Amino acid sequence: MSREIVIAAAQMGPNQRADSRRKIVQRMIALMEKAARCGAQLVVYPELALTTFFPRWYIKDTSEIDSFFETEMPGADTAPLFTRARELGITFSFGFAEKTEQAGGVHHFNTSVLVDKNSNIILRYRKIHIPGHSQYESWRPFQHLEKFYFKPGTEPFSTARLFDAEFSLAICNDRRWPETYREMALRGAEIALIGYNTPMHYAPMPSHDHLQSFHNHLCMQAGAYQNGLWVIGVAKAGLEEGCQLLGQTCIIAPTGEIAAQASSTDDEVILALCDIDRVKEIRENVFNFKHHRRPEMYPLLSRTS
Ligand code: CDT
């Protein structure tokens, strides 16, 4: 039986700080409805889809910080997204800032979930590679304080089964690390869903600003090909609170080829008919891990110190 899935990448234009959750969720629903009209079975949204990319600011007031975090999913503001998805029979994935109580402590994570068509969260991933810095740095035109707001997730990449295929989640900076895709593939993942918020300006090395687009596709196309994965890379894009965010949302085949790409930096749906069995073209041939991989020759890869 064919394992073809119509996957939609729902790129989002900017979320300004004054935009209410309700307004943002309405935009997400409009994107979902458009994707459903085009036959999508799965809709993938970006990292921190529900808010502006607040790590660009150093905020001291804890109640203001809290306003960017979700304490339940779905909560009152996000329930309409889950309800509409259920009505449409759509599965979806999106990122958000998560505040949770565990083992008596409060934790803040940069989180992504995969939701089935009955509104069950079947996979939850908390970002492992937290980029940026942990303290205010006055020399920057804007901050990248992810290390101040978020703790790294403590669980490795994992997978969930949907449409007879293995899905895995990663978030933004994870996509730059080759280990992300290899760990997913070794766990049997066939499709990686990766939302991102990438400023065009990289303050520590501004001479690389013009390479943002190149590096974005370079790492995801390489990750797809070298591991035989479909990769769905979804941006929050455009001019958000004066900060230009990269677009270039794309759907990448296991050959590394871009099957579909956004052509704006605004709310935009792109789709591809993803034949999951194409994973085999790579995994049973050039990157057949069992036959050709030499883990005993890479001992440093799993060393922790
Ligand atoms: N959101 C996120 O992880 N953004 C980073 C920005 C560069 S590192 C400061 C990224 O890897 O795209």
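Modeller: A residue counts as buried when its relative accessible area is under 20%, as exposed when that area is over 50%, and as partly exposed in between (1.4 Å probe, protein chains only). The model is predicted, with residues numbered from 1 along each chain as its sequence is written; local features need pLDDT of at least 70, side-chain atom pairs count only at pLDDT 80 or more, and totals for chains, interfaces and linings use all residues. Side-chain values use heavy atoms, while hydrogens and water are left out.

Colleague: Why is His129 called buried?

Modeller: His129 has 18% relative accessibility, and the limit is under 20%, so His129 counts as buried. His129 lies in the loop between strand E5 (121–126) and helix H4 (146–149); helices (at least four residues) and strands (at least two) are DSSP runs, numbered from the N terminus.

Colleague: With which side chain does the side chain of His129 make a polar contact, and how do you know?

Modeller: The partner is Asp174, at 2.7 Å. A polar contact is a pair of N or O atoms within 3.5 Å; within protein, one must be able to donate a hydrogen and the other to accept it, and residues adjacent in sequence count only if both atoms are side-chain atoms. The 2.7 Å of this pair satisfies that limit.

Colleague: What makes Ser112 and Asn216 buried or exposed?

Modeller: Ser112, in strand E4 (residues 105–115), has a relative accessible area of 6%, so Ser112 is buried. Asn216, in helix H6 (residues 212–227), is buried because its value is 0%.

Colleague: Which residues does Asn216 touch, leaving out those up to four places away in sequence?

Modeller: Asn216 touches Arg175, Tyr196, Leu246, Gly247 and Gln248, where contact means heavy atoms within 4.5 Å.

Colleague: Which residues come nearest to the ligand, and what makes a residue near?

Modeller: A residue is near if one of its heavy atoms lies within 4 Å. Of the 13 residues around the ligand, Lys127, Cys172, Asn173, Arg176 and Thr198 come nearest.

Colleague: How do you know that Lys127, Asn173 and Arg175 have polar side-chain atoms at contact distance from the ligand?

Modeller: Lys127 places a polar side-chain atom 2.8 Å from a ligand oxygen atom, Asn173 does so at 2.8 Å, and Arg175 at 3.3 Å. These distances lie within 3.5 Å. Taken alone, the ligand exposes 350 Å², of which the protein buries 92%; these areas come from the Shrake-Rupley method with a 1.4 Å probe.
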